[in-house]
Amino acid sequence: MAECHPVGFQWVMEAKARGAKVIHVDPRFTRTSALADLHVPLRAGSDIAFLGGIINHVLGNDAYFRDYVVAYTNGPVVLREDFRDTEDLDGVFSGLATDTRSYDNSTWSYEGMEVRAASGERDRSTHDRTDGGRTVAEAARGEAHGAGGADVGEGEPERDETLTHPRCVFQVLKRHYARYTPEVVEQICGVPRDLFRQVCELVTENSGRDRTTAFAYAVGWTQHTVGVQYIRAAAVLQSLLGNIGRPGGGILALRGHASIQGSTDIPTLFNLLPGYIPMPHAHQRQDLDAFVRAEAARKGYWGNMRSYLVSLLKSYWGEAATAENDFCFDYLPRLTGSHSTYETVMSQLKGTCKGYFLFGENPAVGSANAKLQRLGMAGLDWLVVRDFSLIESATWWQDGPEIETGELRTEDIGTEVFFLPAAAHTEKDGSFTNTQRLLQWHHQAVEPPGEARSDLWFMYHLGRRIRARLAGSADPMDRPPLDLTWDYPTKGEHAEPEAEAVLAEINGHDADGRPLTSYEQLAGDGSTACGCWIYCGVYADGVNQAARRKPGTRQNWVAGEWGWAWPANRRILYNRASADPDGKPWSERKALVWWDEERARWSGHDVPDFTPGRPPSYRPPPDATGGAALSGTDPFIMQADGKAWLYVPSGLTDGPLPTHYEPQDSPFPNLLYRQRRNPVRHLLPPHPDNRYQPSGGEPGSEVFPFVATTYRLTEHHTAGGMSRWQPYLAELQPEFFCEVSPELAAARGLDHTGWATIVSARGVIEARVLVTDRIPPLTVHGRTLHQVGLPYHWGPNGYSTGDAANELLHLSLDPNTHIQETKAFAVDIRPGRRPRGPAAVELVRAYRARAGIDEHTGTEP
């Protein structure tokens with residue numbers, strides 16, 4: 001966090017100055033480690049075993065917050081008799097179909113519930129298919145739940161509040177993690193058991209009624225074939241400890257630069273609409289009502305999905321969206337399967353994707369398996385790159401690695417490349433959304449130079465010109481862009497759209513054009529319009545709430561008047577859980593919101609994340625739906641049952657409980673189960689340049705004996721487009737390097753500041769050698785493991801140049817989010833510079849041959 005999110009880390013240092021303990025778990029000793037009370041080096045890719053060990057410690061030592069668990073989690077809920085855990089089936093759950101690499105999750109349900117399949121699968125038969133013959137379950141349904149919404153079925157589940165029923169979630173959890181002992185954590189993760197016990201004691205001692213512990217993570221937890229389950233493991237732990245919905249608790253996804261949180265809220269993701277509403281599927285042939293019935297949960301605030309969706313459609317198509325035409329629901333694009341960035345690359349290679357826009361991305365060096373990215377772009381008809389530096393994704397056709405190796409020739413590449421200069425964030429108005437879901441407005445400081453323009457300018461004027469070309473068309477296919485509400489005011493000589501007008505559209509308005517103040521006002525009858533329901537209120541009273549800058553000395557410690565946080569300016573989600581079932585704070589020290597008996601409403605330091613006038617004693621009538629179906633003691637209002645889920649009965653594609661699996665390419669077998677890898681991990685179709693490696697005890701795994709992990713540096717930014725062209729930053733970090741321990745350097749003959757060649761089954765790179773104690777060898781599975789650290793910012797363009805770490809990576813993805821596994825993969829390292837030209841390709845082929853790699857290697861379930 002100190003290295004990659006230094007602005008946010010200042011508040012960690014504030015907390016430490018007041019007595020907080022800081023634990024840093026990372027393969028490398030970094031700037032964060034230097035400021036932490038405890039650094040825990042572990043093997044990259046083994047975090048679920050580590051977190052599972054802490055969960056086992058909490059359960060085995062009765063260190064959980066029992067009252068919180070019984071009242072606010074699904075721990076007491078009894079599971080179906082036919083559910084089978086990984087402990088029963090040696091590493092897989094019941095319902096696995098190995099031929100389709102997917103789970104039928106019907107056995108994961110609760111006892112007493114009528115099974116209703118996961119969102120997006122509820123109304124399909126087993127014969128429904130996406131194009132390419134892939135099932136709906138494979139078509140990106142996991143991420144469709146976004147902030148919540150997975151249903152649990154019809155009826156009331158059986159509960160045992162004594163937590164002793166052998167099939168209750170609590171007991172299943174205990175059995176599931178019983179083998180995650182300190183000894184097993186030491187063997188799998190390489191963390192000495194005494195150090196691990198120290199972590200367990202610090203975390204449990206700082207949790208309960210009077211104290212809370214927070215977890216902060218970034219892409220080191222997400223970029224794995226089990227990335228979602230990493231976060232789930234933290235959620236299980238924090239729910240057991242009572243650390244969710246309370247001040248000083250939670251699980252914080254570190255999202256700052258480039259409005260990463262904002263780009264998922266109002267998404268650049270293929271399978272979501274704004275506010276985490278799932279995108280409809282082509283083959284389901286649903287009208288609006290059928291879609292809402294299939295996707296909306298019966299209980300909880302996702303039960304109001306119709307209001308959110310209809311308001312979004314009215315925001316898009318205004319007066320053209322009427323009840324008679326389903327509010328233009330048919331205008332929305334339909335998914336035909338998974339269209340993640342990596343499937344798009346495969347479509348480019350097949351020739352079915354003809355054109356590509358790149359905004360703020362540099363896949364030629366910044367995406368996994370960078371060679372495939374370049375080969376894919378070479379198959380396009382046209383490519384538009386918008387950036388303020390001449391990044392590698394704009395120049396690969398003339399100076400990319402494949403030009404040097406002879407695999408591509410410039411004169412044979414048919415792609416027409418357009419480079420359009422982009423404005424930097426200092427040259428435009430707009431907002432960032434950060435880790436705290438906090439929108440903060442930034443004002444334009446200077447005009448963009450020359451022909452540089454903002455992304456907002458580009459999209460608005462591109463849309464305007466497309467609409468002008470289509471004007472007068474009688475083709476029904478042209479109605480969606482022609483009917484759009486594309487009427488933003490502009491300013492200045494370049495007709496820059498007013499960014500605040502876009503924010504106002506996102507906020508929404510009623511039928512009379514008055515700005516809305518809360519998503520509770522949204523209606524499903526077309527009387528409200530809102531571009532993103534979770535952002536409703538950001539322009540309340542016609543005022544840009546994101547631009548507020550009230551000093552902390554003039555408000556309470558929650559600082560609710562600095563910027564604006566979604567939803568409803570709540571700073572801590574699910575904060576009803578900060579009070580006990582009777583509505584009283586668990587402790588005065590951690591008081592946040594509470595039930596005010598005198599005023600008959602919820603009150604507190606933060607905006608209560610609960611229906612304001614609903615007392616703790618409220619019990620819903622049997623026919624209640626949506627938010628009204630939650631009781632006065634159901635704090636997790638986005639969940640279909642109002643509870644924190646220690647166990648996930650639906651909504652995930654790869655299991656109801658986090659389970660340790662080895663990475664796709666690993667030097668080790670799975671010590672816990674016969675099942676080595678995530679059985680439903682998302683593998684891309686076979687390609688000669690995306691070969692997987694043998695793992696564990698398989699013949700050939702010894703060819704790639706070391707674990708590599710990628711990371712970023714403070715001095716550089718993502719794929720380098722914003723930093724390698726800056727002379728001052730380039731001077732601070734002038735060259736691509738690899739971090740290795742003195743022991744690995746001695747074993748492989750690597751000299752400090754000399755050169756190393758690093759090889760995988762996908763590619764070969766070279767890096768300067770940094771010999772350092774910061775990345776120590778670990779003892780894993782009884783043998784010494786060396787790890788190689790690779791910052792991923794480099795490419796051949798700019799002032800500071802070097803090979804791209806992402807050349808080494810495979811395309812094996814998390815099945816829920818389709819994110820790449822870049823934080824743990826197996827490599828070999830040797831001294832000296834890599835070969836040039838065709839010899840580089842031959843070296844990779846020789847490694848594949850030595851390891852016995854073919855198109856089937858690593859593809860088994």
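Visitor: Which residues does UniProt list for "domain: Molybdopterin dinucleotide-binding"?

Guide: The model here is predicted. The domain name comes from an unreviewed UniProt entry. That entry lists residues 706-825.

Visitor: How far apart are the end C-alpha atoms of residues 706-825?

Guide: Over this stretch the chain is 11% helix and 31% strand. Its end C-alpha atoms are 8 Å apart.

Visitor: Which residues does the annotation "domain: Molybdopterin oxidoreductase" cover?

Guide: This annotation also comes from an unreviewed UniProt entry. Over residues 420-462 the chain is 19% helix and 26% strand, with end C-alpha atoms 13 Å apart. In full, the annotation covers residues 3-374 and 420-462.

Visitor: Which side chain of opposite charge is nearest to arginine 848?

Guide: Arginine 848 sits in helix α24 (residues 838-851). Arginine 848 is buried yet has no salt bridge. A salt bridge needs nitrogen and oxygen within 4 Å, and the nearest opposite charge is 4.1 Å away. That side chain belongs to aspartate 689.

Visitor: Which backbone oxygen does the side chain of arginine 848 reach?

Guide: The contact runs from side chain to backbone, at 2.8 Å. The oxygen is that of alanine 761.

Visitor: With which residue does arginine 374 form a salt bridge?

Guide: The closest N and O atoms of the pair are 2.6 Å apart. The pair links distant parts of the chain, helix α16 (residues 370-377) and helix α18 (residues 401-405), 28 residues apart. Both partners are buried. The partner of arginine 374 is glutamate 402.

Visitor: Arginine 386 pairs with aspartate 455 in a salt bridge; how many residues apart are they?

Guide: The closest N and O atoms are 2.3 Å apart. Arginine 386 lies in strand β10, aspartate 455 in helix α19 (residues 455-470). The two are 69 residues apart.

Visitor: Is arginine 386 buried or exposed?

Guide: Buried means under 20% relative accessible area. Arginine 386 has 3%, so it is buried. Its partner aspartate 455 has 30%, so aspartate 455 is partly exposed. For arginine 386, the answer is buried.

Visitor: Where is aspartate 429, the salt-bridge partner of lysine 491?

Guide: The two side chains meet at 2.9 Å, N to O. Lysine 491 is in strand β14 (residues 490-491), 62 residues from aspartate 429. Lysine 491 is partly exposed at 29%, and aspartate 429 is partly exposed at 23%. Aspartate 429 lies in the loop between β11 (416-421) and β12 (430-433).

Visitor: Which residues form a nonpolar patch on the surface with Trp382?

Guide: Tryptophan 382 is in strand β10 (residues 382-387). At 33% relative accessibility it is partly exposed. The patch has about 260 Å² of accessible area together. Its other members are Phe357 and Phe418.

Visitor: Which residues does a cis peptide bond join, with omega about -10°?

Guide: Most peptide bonds are trans. This cis bond leads to proline 567, in the loop between β18 (564-565) and β19 (593-596). The bond joins tryptophan 566 and proline 567.

Visitor: What is the phi of asparagine 569?

Guide: Most residues other than glycine have a negative phi. Asparagine 569 is not a glycine, yet its phi is positive. Asparagine 569 lies in the loop between β18 and β19 and is buried at 12%. Its phi is about 65°.

Conventions
Residues are numbered from 1 along each chain as its sequence is written. This is a predicted model: local features need pLDDT of at least 70, side-chain atom pairs count only at pLDDT 80 or more; totals for chains, interfaces and linings use all residues. Side-chain values use heavy atoms; hydrogens and water are left out. Patches are made of residues with over 30% relative accessible area and no salt bridge: like charges are joined within 9 Å, nonpolar side chains (Val, Leu, Ile, Met, Phe, Trp, Tyr) within 5 Å. Accessible areas come from the Shrake-Rupley method with a 1.4 Å probe; for residues, only the protein chains shown count as cover. Helices (H or I, at least four residues) and strands (E, at least two) are DSSP runs, numbered from the N terminus. Buried means under 20% relative accessible area, exposed over 50%, partly exposed in between (1.4 Å probe, protein chains only). UniProt positions are given in the numbering used here, feature names are shortened, and annotations may be inferred rather than shown by experiment. Lys and Arg count as positive and Asp and Glu as negative; His and the chain ends are not counted. A polar contact is a pair of N or O atoms within 3.5 Å; within protein, one must be able to donate a hydrogen and the other to accept it, and residues adjacent in sequence count only if both atoms are side-chain atoms.
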